[in-house]
Amino acid sequence: MLLSAMSALGSTARTAMSRIVVISDTHLLSPDLVTAGSAIDKADAGDSKMMKMSDDIMSAITDSIIGLDPQVVLITGDLTYNGERASHERMAHYLERMAQHGIRPLVIPGNHDCNNPYAKRFDGDRTAPAATVTRDEFARIYRNYGYGKGVKRDPASLSYCCEPIDGIVIIGIDSNMDENNTLTCRGDQTDTYYNGGRVKPETLQWVTEQARKACSKGKRVIAMMHHHLVPHFDQEERFLANYIVSDHNNIARQLMQAGIHTLFTGHLHVTDAATLYYNEERTDSIVEIATGSAICYPFAMRVAQLRPSHHLAIDTRWVNATASCPTLRQQGRQRIIDAAPALASMISGKAWNRLEGHIGQIKAMLENGGGQVNMPESPQQATQLALRHLKEVLSRTLLAVVEGNERQQDVESIINQGKQGTKAMIQEVVPSQADALWEFFQNDVYPRLDPLVRSVLEDRNAVGTPTESHTDDLQLDLIL
């Protein structure tokens, strides 16, 4: 009895001191696939990811992780730029460095990682196809990092289950759809690529069975997958459907009922945490901690400390520099600011597509009101209109979202700046009717937008409902 008690105390002590590091969306591009030239420069310049520096950043992250000395590292998908075999092999090199220091890395694939028709190399001024990997090849490359001995595998997917820390079970959930991709290099007629997420019914059954078995033995479960399960802002499934798994509410409820209350994800490149409550008493919930891309500002990583009574204390750290780039953080921040035109193009493009069949009617209606009407005549003109009046507020919003804890920003200032930019747009398009249309916007249009705006900028979920929640994005204390 004494020996059993001492053994139990020893196990508890090891768990209490255990540390887990989480990173995501490393998008590593192997240096072997890059020859300097305009091809890589052009691809890098048009992206908020610091793609050309991905290898330097991964080296700095590896050094930081070794310095933190965790027991486990979780990488929640999109390990590579576009699923290049050489990039996977390069990632395995960094994971081996961690393993040599007694750290156990565990990975799960993202939508970029397998069967990717866009895998390529950059040769000076040109690009050329590069070998990608199948799902079986992915499992072989990462056989020591989630897919090898001592790990339970789901027969239907790349999901798995293991216990890297006494009493703590990790379940990696494969949420990808790359089995539906087609590749001309493999004989298909076209290249197609699916970046949306889903959990197969048979995989969901397997995951919940593993979770229940673990919980029945008094163990606690932490899950990870690439796509979101919990909306990080209201109506995410409507506006960013490819970033959240289909049937997410049902899947979340089943995972919670099986004993999974903590989930690490990535994919959207935001450092955000969200809680989904299932009853007004708030006794049943699941918390999802999304980690931003490791090669995007603010270059986040999560450090989770297991404490007594099954508490998980999560802190957020940043990579500020690499050996070759002491100003990494400043350069990355500017990339986010410079992404405002792309966001404006996406928003105006979607709006234009929804209104395209009615543009003429809208213009005619405005002209009937009298005065000059300066309607955009193309999505490109609509984008330029938005940028003239909303560029700065779009940049401020992007920075707030990617940095996390948006409500610490001057939310009312951002909202008011957005309103004033909208007012200026109305003034430019229909100067003679601007006052009346602005009054209509304030009284009839914006009140319907306000809950969504508040959800994004005040970091709230289920705004205005009994299960409304706010979860700190950067520092959390959870009970597993």
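**Exercise 1. How many nonpolar, polar and charged residues does the lining of the second largest pocket have?**

Before you start, keep in mind that you're working with a predicted model.

*Solution.*
- Start with the size of the space: the second largest pocket holds about 210 Å³.
- Next, collect the lining. There are 15 residues, and those nearest the pocket's centre are Pro231, Asp234, Leu276, Asn461 and Ala462.
- Now trace them back to secondary structure. Helix H8 (248-257) and strand S12 (272-277) each give at least two residues to the lining, and S12 has the largest share, with three.
- Finally, sort by class: six residues are nonpolar, seven are polar and two are charged.

**Exercise 2. Find the cavities of 30 Å³ or more in the whole structure, then describe the lining of the largest.**

*Solution.*
- Searching the whole structure at that cut-off turns up one cavity.
- The space inside the largest cavity comes to about 30 Å³.
- Pick out its lining: Arg135, Ser157, Asp174, Asn176, Glu179, Arg198, Val199 and Lys200.
- Class by class, that lining splits into five charged, two polar and one nonpolar.

**Exercise 3. Work out which residues of helix H10 are buried, and where they sit around the axis.**

*Solution.*
- Get the helix's dimensions first. H10 runs over residues 340-355, 16 in number, and spans 22 Å from first C-alpha to last, close to the 22 Å expected at 1.5 Å a residue.
- Apply the burial cut-off, under 20% relative accessible area. In H10, Ala340, Ala344, Ser348, Gly349 and Trp352 are buried.
- Check their directions: these residues span an arc of only 160° around the axis, so they lie on the same side of H10.
- Flip to the other side of H10, and you'll find Ala342, Asn353 and Arg354 exposed.
- Last, ask what the buried residues of H10 pack against. Their partners are helix H9 (328-338), helix H11 (359-368) and H12.

**Exercise 4. Place Asp410 in the fold, and say how far Asp410 is from Arg126.**

*Solution.*
- Locate the residue: Asp410 belongs to the loop between helix H12 (379-403) and helix H13 (411-429).
- Look at accessibility. Asp410 has a relative accessible area of 47%, so Asp410 is partly exposed.
- Then take the two separations. Along the sequence, Asp410 and Arg126 are 284 residues apart, and in space their C-alpha atoms are 45 Å apart.

Conventions
Residues numbered from 1 in each chain as written. Predicted model: local features only at pLDDT ≥ 70, side-chain atom pairs only at ≥ 80, totals over all residues. Heavy atoms only, no water. Helix = DSSP H or I, 4+ residues; strand = E, 2+ residues; numbered from the N terminus. Buried < 20%, exposed > 50% of the residue type's maximum accessible area, 1.4 Å probe, protein only. Expected span 1.5 Å × (residues − 1). Arc of directions from axis to C-beta. Contact = heavy atoms within 4.5 Å. 1 Å grid on protein atoms, 1.4 Å probe; cavity = no way out; pocket = protein on both sides within 12 Å on 5 of 7 lines; lining within 4 Å. Points joined across faces, edges and corners; volume = space filled by probe spheres on them. Nonpolar A, V, L, I, M, F, W, Y, C, P; charged D, E, K, R; others polar.
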